Each structure stands twice: as C-alpha cells, then as structure tokens.
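Student: I would like to learn how to read a structure feature by feature, beginning with one side chain and working outward. Could we go through this one together?

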Amino acid sequence: MIEITHTPADGTLVDGTARGDGTAPILKTHGFRWFPSIKQWGIRGSRDQAPRRLAINAAAEALRAAGHEVTVTLDDTVRDNDTVRADRHERLEGRRAGLAAKGERLAAESAALHRYSDALVEHIPMGQPVLPGKRGQAHRNTLERSVTAAIKGAQTARQAEAMPERIAASRRAEARAERPDVIKRRVERMEAEVRGIDRRLARLAPGPSLVREQYEGDRAVLLERIKGDQGALEQARAEGRFGQYSKDNVHRDDLVRIRGQWRTVARANAKTVSVTTAYTWTDKYGWEEVRDLRCAHVEDAEQPAAKSAES
C-alpha cells in the first residue's frame, strides 16, 4: 500500500515505497523528489501550500497502472501567518543547530588530523635527508601521509570556520523577510498572483475540475498570506517604521536615507522616489525603502518658530 498525503505542516509526502519497487521513476516524472533526511519521497516546497492536485493525481494514476495500490489523502487547510512563521522559525533554528554541531564536529576532526600529521613525523629528526631508492621509500611514504593529513586538516578547518557565517546569513535572511519594505513588495507580488488566478478561473469552463480546485486552493493560500502581511504592515505603520514618506512630504533636492546612504531626490513619484547618482541617470526605489528625510521645506518652516522662541 502506497499512501500519498498532504498536510499544511508536512507538505506532500509518500509512504510505503521501497528501493527497487519501480516507484522512483514514476514519482520523479511527476515532480516528486527523494528527501534523504526523512527517507521519503515528497514534493519540494509544498509545506503550507495548496496540494499540487494535478501532479498528485497523475502520480497516483501512474502508480496504479504499474500495479501498486495507492491511497491519496489531502488536507487543504490554510494555516494563519503567525503559525506558519513560528513553524518556519523552528525549522530554521533546527538547521542552525545542525550547522553549529557540524562546525564543532569538523573542528574536532581538523584538530585530530593535525595531531595525526604531527605524530607521523615526530620521530624523524629535523633536517634528516630522504635516502634515494628503496632505502628511503618508507621515509617518503611517511612524509606523504603526514602532508596529506595536514592538507585535509586545513581544508576541514576552513569548512568548520564557514559554519558561523552560514548561520549568521540564515538569520539575516530571516530578518530581512520581516522588513516592512520586503513585506510590501511581497504583498504586491501576491496580489498580482491573485489577479492572474482570477483571470485563469474566469476562462475555465463551468463545473468542478482538478484545475479549478488547484486554482482555488492557491488563491486561498495567497489571500491568507496577504492578510497576515498586511497586518504586519499596519503594525509597522503604527510604530512609525513604515509609510511615513511619500510624494506629499518629499520634494526635489531633499535628502532621503536609503539602504544606509543619504541620497538627493531628483523626483518624487506616486509609488517610487528617484534619486541622483554620480552619473547621468537616476536610481529608483520604492517609498518603503526610505528610512529618514532631511527636508529643506520643513526646516525653513521651523526656523521662524525657533527664532521667536529664542527671543
């Protein structure tokens, strides 16, 4: 019995396969991949997504045609963003812990290799020449083993040293995904995807079908993600971390801070701000990337009040 299941937490997985039973080529053909960590076939990136009904149905039919008994169980529940984010964070922390453990293991392996390299040659007097021919063969073999171990130890040490940076990069990527400017672009992308799905649904023939179910499932997931991200944007706006700047309060020749640099405004547009460069063209950024503003109009308006307060 082969079971194809889909849940929001685990994605699409296959149980009941065995090496050499003929299922691997069929599953590969329909987009399934082998996951060595859990020793199961599944669809990559299927967690918290609508089940790939067309691929799952096609794989099940092909397996049945090959003589296998197959059951399909699909749970198309859409989890809220907070649950999805917490689950993803937990998985990422698990991977980071794995990388940290791998770094410690590689560091210990490197140290052992260097000790082994030193032990091979510690009995050889410093500067002792290698005799020619067969008389020096054992000496040469020992030196080669020592050098090989030392090289492998250095390579292993470099791999161990790379683990902290991989962990830090993972944390930076996770933090970046929660930045208001990134969330805004993600919402715009998902809204465009919803409009595309709506157009495709409108072109479908009336009546139930796997294609319609697939589109409706994708649409439900996108709407939930949009709802959650819009809530995060509203919170950022309330905290003053998003939506403070627009063409209404930014003018030509003002200074805006974008990506850690102060840039001169060339033009304030409805959705973007164009800033000057050292060349003949301008760079364009979304308003969500503006972090601070130095506006001559505001400073000029505040000067009379400041002078009257001084007098």
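Student: With which side chain does the side chain of Gln-40 make a polar contact?

Tutor: Please keep in mind throughout that this is a predicted model. A polar contact is read as a pair of N or O atoms within 3.5 Å, and here the side chain of Gln-40 makes such a contact with the side chain of Asp-15, at 2.5 Å. Gln-40 belongs to strand β4, residues 40–42, and, leaving aside residues up to four places away in sequence, it touches Leu-13, Val-14, Asp-15, Arg-33, Trp-34 and Phe-35.

Student: Is Gln-40 buried or exposed?

Tutor: Buried means under 20% relative accessible area, and because Gln-40 has a relative accessible area of 15%, it counts as buried.

Student: In what order do the strands of the sheet lie?

Tutor: For a sheet one reads the strands by their neighbours rather than by their numbers. This one is an open sheet of five strands in the order β3-β4-β2-β1-β5, with mixed pairing. β3 (33–35) and β5 (70–74) stand at the edges with a single partner strand each, so one side of each has no neighbour in the sheet. From one strand to the next, the twist averages 25°.

Student: How many bridges join strand β1 to β5, and which helix packs on the sheet?

Tutor: Strand β1, residues 2–7, runs parallel to β5 and is joined to it by five bridges; in β5, Val-72 is the bridge partner of Ile-4. The helix that packs on the sheet is α2, residues 53–65, which touches β1, β2 (11–15) and β5, and whose direction makes about 165° with that of β5.

Student: What span should helix α3 have?

Tutor: One can compare the expected span with the distance between the ends. At 1.5 Å a residue, the 41 residues of α3 (81–121) should span 60 Å, and the end C-alpha atoms are 60 Å apart, which agrees. At the start of α3, a side-chain oxygen of Asp-80 comes to within 3.1 Å of the backbone nitrogen of Asp-82.

Student: What covers the buried residues of α3?

Tutor: Among the buried residues of α3 are Val-84, Leu-99, Leu-106, Ser-110 and Leu-113, and the elements covering its buried residues include α4 (137–177) and α6 (210–238). Ala-154 lies in helix α4, and its C-alpha atom is separated by 6.7 Å from that of Ser-110, although the two residues are 44 residues apart along the chain. Ala-154 counts as partly exposed because its relative accessibility is 29%.

Conventions: Residues numbered from 1 in each chain as written. Predicted model: local features only at pLDDT ≥ 70, side-chain atom pairs only at ≥ 80, totals over all residues. Heavy atoms only, no water. Helix = DSSP H or I, 4+ residues; strand = E, 2+ residues; numbered from the N terminus. Expected span 1.5 Å × (residues − 1). Buried < 20%, exposed > 50% of the residue type's maximum accessible area, 1.4 Å probe, protein only. Contact = heavy atoms within 4.5 Å. Polar contact = N/O pair within 3.5 Å; in protein donor to acceptor, adjacent residues only side chain to side chain. Pairing = 2+ DSSP bridges. Axes fitted to C-alpha atoms, helices over the stretch in contact; angles between N-to-C directions.
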